[in-house]
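Hi everyone, thanks for making time for this. I'll walk you through a few spots in one model, and you can follow along on the screen.

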Amino acid sequence: MRSLYDVDAIRSAEKPLLAALPDGTLMQRAATGLARRCAQLLGGTYGSRVVLLVGSGNNGGDALYAGAALARRGARVDALLLSESAHDGGLQAFDSAGGRRRKAGGDGDRALIAEADLVVDGMLGIGASGPLRPAYARLASMSAAGEAFVLADDVPTGVDASTGAVQPDAVRADVTVTFSAPKVGLYIAPGAEHAGVVDVVDIGLSLPPAHVTALDVEDVAALIPEAGADTDKYRRGVLAVVAGSDRYTGAAVMAVGGALATGVGMVRFLGAAHPGELVRQAWPEAVVTVAAPGDTAALRDLGRVQAWVVGSGMGTDDAAAATVRAVLDRPEPVLLDADALTVVADHPEWLHERRAPTLLTPHAGEFGRLRALQREEVEAQRLEHVRDAARSLDATVLLKGSSTLVAGPDGQVRVNTAQTSYLGTAGSGDVLSGVCGALLASGLDVLDAGSAGAFLHGLAGIDAAGDPPTPFTAMDVVRRLPHALRIVRG
């Protein structure tokens with residue numbers, strides 16, 4: 001499991017090392033790792049052209065020392081200085097190695113960047129915040145317009161290392177070389193979209209357990225239950241799916257399919273006649289109970305159930321609200337998706353009254369309705385908002401999107417690393433609800449079910465997209481789920 005850290009945690013861990021080591025030791029370690037990655041990107045330094053964008057702080061010092069190392073290996077290295085107070089030691093090393101420097105802002109900046117093979121962003125570091133000054137935004141824009149590789153030193157300029165929030169004109173890097181440990185903001189959109197590939201250079205910090213983590217394939221494999229020799233369908237889990245309507249028939253088919261493909265022992269479907277018939281045709285192994293909307297007696301008589309998925313395509317009228325309320329009154333874990341989220345947005349007290357685990361799976365628009373926010377506000381500060389929602393609603397919240405986050409009421413957050421933009425397709429969220437519901441029914445707690453489910457769903461999407469990636473449908477994701485499980489397990 002990867003631990004992701006914010007700026008405060010990094011700064012706290014640096015203090016004892018800075019006090020114990022000779023001055024400049026950590027910077028030299030960082031610059032060595034940075035220079036090594038630059039050389040790898042260039043495929044050989046001799047004769048290559050490198051441009052450094054250098055700010056006034058330690059970030060600029062890292063870039064200058066790395067530039068000096070590249071110059072000694074035969075690269076032509078130019079430094080564009082954004083401040084009169086660039087790092088003294090870095091400047092001396094850079095000059096001694098034959099680097100060429102000049103003040104940024106001249107007419108030749110654009111041509112210099114356009115001719116480069118590699119641009120190193122050393123303008124601002126992890127402590128920066130607020131809008132970019134025009135000179136910084138100008139160079140960021142020039143680096144985006146060129147064809148050179150862009151490598152960010154620790155964090156792309158304009159990206160908040162703690163949250164992933166970005167400023168207009170933030171640098172878009174192909175690679176970010178970050179030091180000590182992965183930073184939260186490099187893995188959470190929109191910052192993740194500016195970071196590119198993230199490489200971590202260990203410079204010797206000792207860090208405490210993190211509140212934000214990312215599961216790797218080995219972590220997911222350890223979570224997913226294996227079927228023992230003496231198992232049966234009840235021990236593997238029974239999931240109830242309440243979904244679909246005469247208008248949104250496919251939601252029921254896809255939610256049930258996602259659950260079955262994930263390996264749940266049994267799915268009991270409860271819903272209207274038409275989606276129920278389609279579920280029978282698509283998944284004859286599902287147990288289908290037809291009930292009129294709002295028939296809570298049918299819900300009580302459904303039989304043995306170990307978890308519930310409710311909401312996809314069921315509508316938001318009074319009958320749907322009665323069904324959601326009845327499910328929330330149950331003692332088993334409940335996953336609320338789609339229309340059920342719209343219902344509870346008007347009745348948050350239903351969540352506070354629950355004593356059993358609850359998992360909410362909104363996309364940004366549904367999350368906005370839950371929290372009285374605009375979609376743009378949610379997307380700009382995903383980490384802040386998902387943490388706040390989980391705490392105040394006393395539920396685990398899976399916020400879908402370009403970087404899916406799963407947050408628990410205790411402040412723990414998991415970032416999904418298995419994703420493809422092609423999962424943004426109709427019905428994909430219904431499949432995800434079935435996957436997570438299956439894991440809930442198998443006995444996983446809500447944080448594990450949400451994060452492992454998001455990983456499997458994303459892996460199936462990557463498999464469905466292929467290489468090079470091409471669009472796919474939600475049912476393609478269902479078909480790829482068994483393969484995703486095989487990948488995870490072996």
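His87 sits in the loop between β3 (76-81) and α4 (88-96). Keep in mind as we go that this is a predicted model. So, is His87 buried, partly exposed or exposed? It's partly exposed, because its relative accessible area is 22%, and the cut-off for buried is under 20%. If we skip its neighbours within four places in sequence, what does His87 touch? The list is Met27, Ser56, Gly57, Asn58, Gly61, Leu64 and Tyr65. There's also a polar contact here: a polar atom of the His87 side chain lies 3.4 Å from the backbone nitrogen of Gly89. And to get a feel for distance, pick out His87 and Asp430: they are 343 residues apart in sequence, and C-alpha to C-alpha they are 53 Å apart in space.

Okay, next stop, Ser245. Find the loop between β10 (238-242) and α10 (250-262), and you'll see Ser245 there. Ser245 counts as buried because its relative accessibility is 15%. Which backbone atoms does its side chain reach? One is the backbone oxygen of Gly313, at 2.8 Å. Another is the backbone nitrogen of Tyr248, at 3.1 Å. Setting aside neighbours within four places in sequence, the contacts of Ser245 are Pro275, Gly313 and Met314. So Gly313 turns up in both lists, as a contact and as the owner of that backbone oxygen.

Moving along the chain, look at helix α13, residues 318-328. At its start, a side-chain oxygen of Asp317 comes to within 3.3 Å of the backbone nitrogen of Ala319. Which residues of α13 are buried? They are Ala320, Ala321, Thr323, Val324, Ala326, Val327 and Leu328. And what do those buried residues pack against? Their partners include three strands you can click on, β10, β13 (307-310) and β14 (334-336). The helices α12 (296-300), α14 (339-345) and α15 (349-353) are partners too.

Now for some helix pairs. Take α19, residues 428-441, and α21, residues 474-489. Their axes are 8 Å apart and the packing angle is about 30°. That angle is why we call α19 roughly parallel to α21; the cut-off for that label is under 35 degrees. The crossing of these two helices is right-handed. Who meets whom? From α19 we have Ser428, Val431 and Val435, and from α21 we have Ala474, Val477, Val478 and Leu481. Sorted by class, this contact of α19 with α21 has six nonpolar residues, one polar and no charged ones.

Keep α21 on the screen and bring in α20, residues 446-465. Here the angle is about 110°, and the axes are 7 Å apart. So α20 is roughly perpendicular to α21. On the α20 side, the residues in the contact are Phe455, Leu456, His457, Leu459, Ala460, Gly461, Asp463 and Ala464. On the α21 side, they include Asp476, Arg480, His483 and Ile487, and also Val477 and Leu481. You've just heard those last two, Val477 and Leu481, in the contact with α19. By class, the residues where α20 meets α21 split into 11 nonpolar, three polar and three charged.

Last part: some backbone oddities. Most residues other than glycine have a negative phi, and most peptide bonds are trans. Where are the exceptions I'd like you to look at?

Start in the loop between α20 and α21, where Pro468 has its place. The peptide bond from Asp467 to Pro468 is cis, with omega near 5°. Another cis bond joins Ala189 and Pro190, and there omega is about 0°. Pro190 is in the loop between β7 (175-179) and α7 (191-195).

That loop between β7 and α7 also holds Ser180. Ser180 is not a glycine, yet its phi is positive, about 80°. Is Ser180 buried or exposed? Buried, because its relative accessible area is 10%.

Finally, Asp169, in the loop between β6 (149-153) and β7. Asp169 has a positive phi as well, about 70°, and it isn't a glycine either. With a relative accessible area of 47%, Asp169 is partly exposed.

That's my tour. Happy to go back to any of these spots.

Notes: Residues numbered from 1 in each chain as written. Heavy atoms only, no water. Helix = DSSP H or I, 4+ residues; strand = E, 2+ residues; numbered from the N terminus. Buried < 20%, exposed > 50% of the residue type's maximum accessible area, 1.4 Å probe, protein only. Polar contact = N/O pair within 3.5 Å; in protein donor to acceptor, adjacent residues only side chain to side chain. Contact = heavy atoms within 4.5 Å. Axes fitted to C-alpha atoms, helices over the stretch in contact; angles between N-to-C directions. Parallel < 35°, antiparallel > 145°, perpendicular 65-115°, else oblique. Left-handed = near helix turned anticlockwise from the far one by under 90°. Nonpolar A, V, L, I, M, F, W, Y, C, P; charged D, E, K, R; others polar.
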